[in-house]
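Subject: Structure handover

Hello,

Here is the structure I promised you. Please load it before reading on. My notes follow below.

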Amino acid sequence: MSIALPFLAVLIAGMFAAYHRLRLAVWAAISATLLVACWLLGAHPMATIIAGVLVALIALPLLVPQLRKPLITTPLLGFYTKLLPPLSDTERTALESGTVGFEGQLFSGKPDWEQLLNLPKPRLTAEEQAFLDGPCEELCRMTDDWDITHVRADLSPELWEYIKRNKFFGLNIPKEYGGLGFSALMNHKVIQKLASISSVVSSTVGVPNSLGPAELLMHYGTEEQKQQYLPRLADGREVPCFALTGPFAGSDATSIPDYGIVCMGEWNGIKVLGIRLTLNKRYITLAPVATLIGVAFRMYDPDGLLGDKKDIGISLALVPHDTAGLDIGRRHFPLNSPFQNGPITGKDVFVPLSQLIGGEDYAGQGWRMLMECLSIGRSITLPSTASGGSKMGAVTVGSYARIRKQFGLSVGRFEGVEEALARIAGNAYATSALSEATAAAVARGENPAVPSTIAKYHCTEMGRKAAMDSMDILGGKGIILGPRNFAGRSWQAAPIAITVEGANIMTRSLMIFGQGAILCHPWVMKEMKSAQLADPKQRIDQFDAALFGHIGFAISNAVRSWWYGLTGTKVGRAPGDDDTRRYFRKLNRYSAALAVMADTSMLLLGGKLKFKESLSGRLGDVLSQLYIASSMLKRHQDAGNPVGDQPLLAYAIHDAVNKIETALSGALRNFPIRPVGWLLWLVIFPWGRRAQAPSDRLGHKVASLLMTPCDARERLAEGVFTTPCANNPGGRIVSYLPKVVMAEPVERKFLKALKNSDIEALEFDAQLDEGVREGWITADERKQLEELRAITLDAIMVDDFDPEELRSAGYASLHGRIAARAAA
């Protein structure tokens with residue numbers, strides 16, 4: 001033991017220093033102190049000397065820059081330069097376009113939770129709240145989704161007029177340009193509420209306030225362009241769309257074949273210098289009704305009219321819908337969800353250079369402009385739509401599961417249905433927290449490139465799963481379309497959201513971790529930039545600082561990950577109360593594990609990592625669930641840590657942690673270099689995997705929350721349209737729940753008495769009459785049971801139609817023409 005003691009002392013000193021991220025000099029001092037103590041305590045002298053020499057051999061070269069830089073840094077810089085994956089201009093633009101907020105802490109292995117918890121609570125202004133409670137509420141009341149989706153395949157003229165008159169298209173346009181000047185948070189709240197009654201209405205409002213002409217003009221437009229177009233966009237005189245995607249350029253948007261040639265042409269009767277466009281676009285939302293089209297294209301100047309550069313690059317232009325050569329107006333029909341969407345084509349479409357967004361100065365800057373503005377669409381429109389649908393589905397299906405009875409029992413009391421209800425509630429809670437967190441980041445002035453990608457992918461995926469579970473519970477009620485159906489269209493439209501703003505498969509496997517590993521990592525971007533510096537001294541000095549910061553960071557995370565795994569995250573500093581502290585500790589552990597996996601993967605795989613999409617996707621899942629769990633803990637704190645929400649929070653956190661461990665274990669078991677995967681397993685899972693999916697007991701508590709009037713259920717429903725009215729069957733069902741709960745004891749008493757009696761009456765009214773005569777129920781209780789029967793019927797009834805009602809207008813027109821020809 002006396003021989004091993006000095007080496008053990010040095011190891012303990014190293015682990016202590018690494019865990020607490022102490023400087024190398026501090027480690028050396030602690031090690032020296034412990035070695036002196038070992039000597040005094042009688043440790044083997046030669047072993048103590050050897051241990052001291054090892055400490056000196058490690059510390060001296062690293063602590064003395066004159067030794068470290070030529071002996072270590074310079075050779076490693078050469079190796080790193082070869083290892084560094086080549087970045088195209090478009091990749092570099094995408095990486096540099098975003099800002100880093102709290103998500104950067106999740107890559108640190110030691111998140112500063114105070115940074116998260118001290119962020120201001122998201123709040124609307126009084127003016128915004130008044131708009132949400134006034135015009136937005138009224139728009140929801142006016143919305144008849146069956147009329148929109150089946151009868152008209154469009155919004156009614158009254159809805160279009162109301163949306164334009166109340167400036168729903170100008171939510172985020174500044175007041176000085178005629179808009180409402182609302183925040184990104186308000187944009188989220190409006191879209192969330194509208195989506196809870198109709199995804200067609202929410203997308204119609206969402207697109208003009210997302211990536212499109214208004215957003216691009218506000219950031220890059222010339223003052224003349226802003227004055228000309230923003231007031232007209234705000235009040236609906238101009239309806240915008242943005243044309244990016246085409247048949248040969250979907251997720252690979254930088255490969256767009258649409259082009260514009262710089263040339264002279266005629267505009268409003270005057271010869272001017274401009275661009276002659278050829279384009280073929282599809283899947284463009286609002287295109288069939290748009291009057292102002294933003295177009296992305298590749299700009300060429302073969303005759304050198306603007307300078308020596310022939311291929312100017314991706315550029316953005318505004319094209320009026322009536323421009324000669326433009327073909328617009330036809331519609332796509334996306335899964336029976338008839339939001340306005342269609343193709344745009346054009347041949348020899350001439351526009352002057354003044355129609356370039358930002359003018360001639362921004363020619364060729366289109367990709368950067370798109371990347372810098374893309375966070376709005378990904379952060380707000382799609383996540384908010386998923387949040388509105390999921391939250392409305394949770395409280396409506398929860399109410400239905402209590403009202404609907406089979407075998408004399410509410411269907412929500414069956415364990416299989418409880419499982420689905422708990423999943424719906426967990427997904428709704430997570431989606432709500434995640435969508436609000438990303439919207440709040442935009443409202444704070446951030447450009448959250450990585451969180452927006454996480455929100456887009458996971459909110460739409462969780463929304464799809466919530467829709468599926470809802471349909472399983474509703475059964476026939478869900479599949480029979482009609483005015484009474486509140487879920488069928490959401491189920492049909494669920495796949496739409498996963499395909500737009502970047503297909504979800506590509507988003508998960510390429511973007512989340514690919515961007516996060518470079519943009520959010522505290523050292524990688526610094527190393528990449530320093531390695532590309534022209535000045536040799538600057539290059540060595542900055543790379544040296546970044547490299548050894550990175551090495552210390554990696555060692556610290558390996559130690560922290562192993563220690564947290566060894567102790568089961570039972571120890572360690574963390575914020576929160578007795579209920580949430582353990583969650584923060586778990587996230588500390590997985591943050592360290594993510595950092596270890598990211599560093600190892602980038603070091604050993606280098607540029608090949610971006611082709612290892614399964615590994616990248618799993619590590620992206622870890623980052624995503626860390627961010628989602630962080631958002632939920634922030635939401636819980638902002639709500640005042642309500643006791644009633646604890647089952648919801650616990651369910652969602654357990655689900656997130658289980659997904660993290662599933663992703664980590666999948667990455668380790670399939671790591672391309674097998675021995676490294678085995679070694680990392682011992683570091684990350686020293687006792688094996690421990691996380692489990694939420695328990696049945698916890699699921700029972702969560703399902704019960706959805707089926708019981710309570711504060712937690714009300715908080716989950718905040719921000720969605722639950723007002724009971726003729727056009728809101730879901731809202732009516734939600735309003736019935738308190739009455740149903742109050743009537744259940746009377747119903748049980750009546751049914752028990754009826755079962756034990758010899759009454760032969762078969763009609764419900766006659767049975768009630770007998771119940772009053774026999775004294776089983778009072779006259780007031782009879783009214784209560786009559787009301788219960790009426791609201792139950794309204795909740796469970798489905799629609800039926802005359803066959804002619806289901807024939808399309810196109811069929812009727814065709815049938816009429818055929819009949820006319822036959823008669824002739």
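What is the volume of the largest cavity? It comes to about 250 Å³. Bear in mind throughout that this is a predicted model.

**Largest cavity**

The lining of the largest cavity counts 21 residues. Closest to the centre are Leu-116, Leu-119, Ala-437, Arg-444 and Lys-634. By class, the lining splits into 12 nonpolar, two polar and seven charged residues. Two helices, α16 and α24 (613–638), each supply at least two lining residues. The biggest contributor is α24, which gives six.

**Second largest cavity**

The search covered the whole structure and turned up two cavities of 30 Å³ or more. The second largest holds about 50 Å³ of space. Which elements give two or more residues to its lining? They are α16, α24 and α25 (646–669). Here α25 has the largest share, with four residues.

The full lining, for your selection string, is as follows:

- Gly-426, Asn-427, Ala-430 and Met-462
- Gln-625, Ile-628 and Met-632
- Ala-652, Asp-655, Ala-656 and Lys-659

Those residues divide into six nonpolar, three polar and two charged.

**Helix α16**

Helix α16 contributes at least two residues to the lining of the largest cavity, and α16 is also on the list for the second largest. So I looked at this helix on its own terms. It runs over residues 415–443, which is 29 residues. How far apart should its ends be? At 1.5 Å a residue, the expected span is 42 Å. The end C-alpha atoms are 42 Å apart in the model, so the two values agree. Most of α16 is covered, with 23 of its 29 residues buried. After the helix comes Gly-445, where phi is positive, near 95 degrees.

**Second largest pocket**

There is an open site to consider too. The second largest pocket has a volume of about 1,100 Å³. Its lining is made of 31 residues. Nearest the centre are Leu-22, Leu-24, Phe-548, Ile-551 and Gly-552. Five elements appear as sources of two or more lining residues: α1 (4–20), α2 (24–40), α3 (45–63), α6 (103–106) and α22 (536–567). The largest share comes from α22, with 10 residues. By class, this pocket lining has 21 nonpolar, seven polar and three charged residues.

**Whole chain**

Now the overall picture. The protein chain has 32 helices and nine strands. How does its radius of gyration compare with the globule rule? The radius is 31 Å, close to the 28 Å that the rule gives for 824 residues, so the chain is as compact as a globular protein of that length. Along the principal axes, the C-alpha atoms fill a box of roughly 105 × 90 × 50 Å. Buried residues account for 53% of the 824. Take the contacts between residues at least 6 apart in sequence: 75% of them join residues at least 24 apart.

**Where to look**

For a quick tour, display α24 with the largest cavity, where it gives the most to the lining. Then show α25 with the second largest cavity, where it has the largest share. Finish on α22 and the second largest pocket, where α22 supplies 10 lining residues.

Best wishes

Conventions. Residues are numbered from 1 along each chain as its sequence is written. This is a predicted model: local features need pLDDT of at least 70, side-chain atom pairs count only at pLDDT 80 or more; totals for chains, interfaces and linings use all residues. Side-chain values use heavy atoms; hydrogens and water are left out. The expected span of a helix is 1.5 Å times one less than its number of residues. Buried means under 20% relative accessible area, exposed over 50%, partly exposed in between (1.4 Å probe, protein chains only). On a 1 Å grid over the protein atoms alone, a cavity is a set of points where a 1.4 Å probe fits but cannot get out, and a pocket is an open set with protein on both sides within 12 Å along at least five of seven lines; lining residues have an atom within 4 Å of a point. Grid points are joined across faces, edges and corners, and a volume is the space filled by probe spheres set on the points. Ala, Val, Leu, Ile, Met, Phe, Trp, Tyr, Cys and Pro count as nonpolar, Asp, Glu, Lys and Arg as charged, and the others, Gly among them, as polar. The radius of gyration is taken over C-alpha atoms; the globule rule is 2.2 Å times the number of residues to the power 0.38. Contact means heavy atoms within 4.5 Å.
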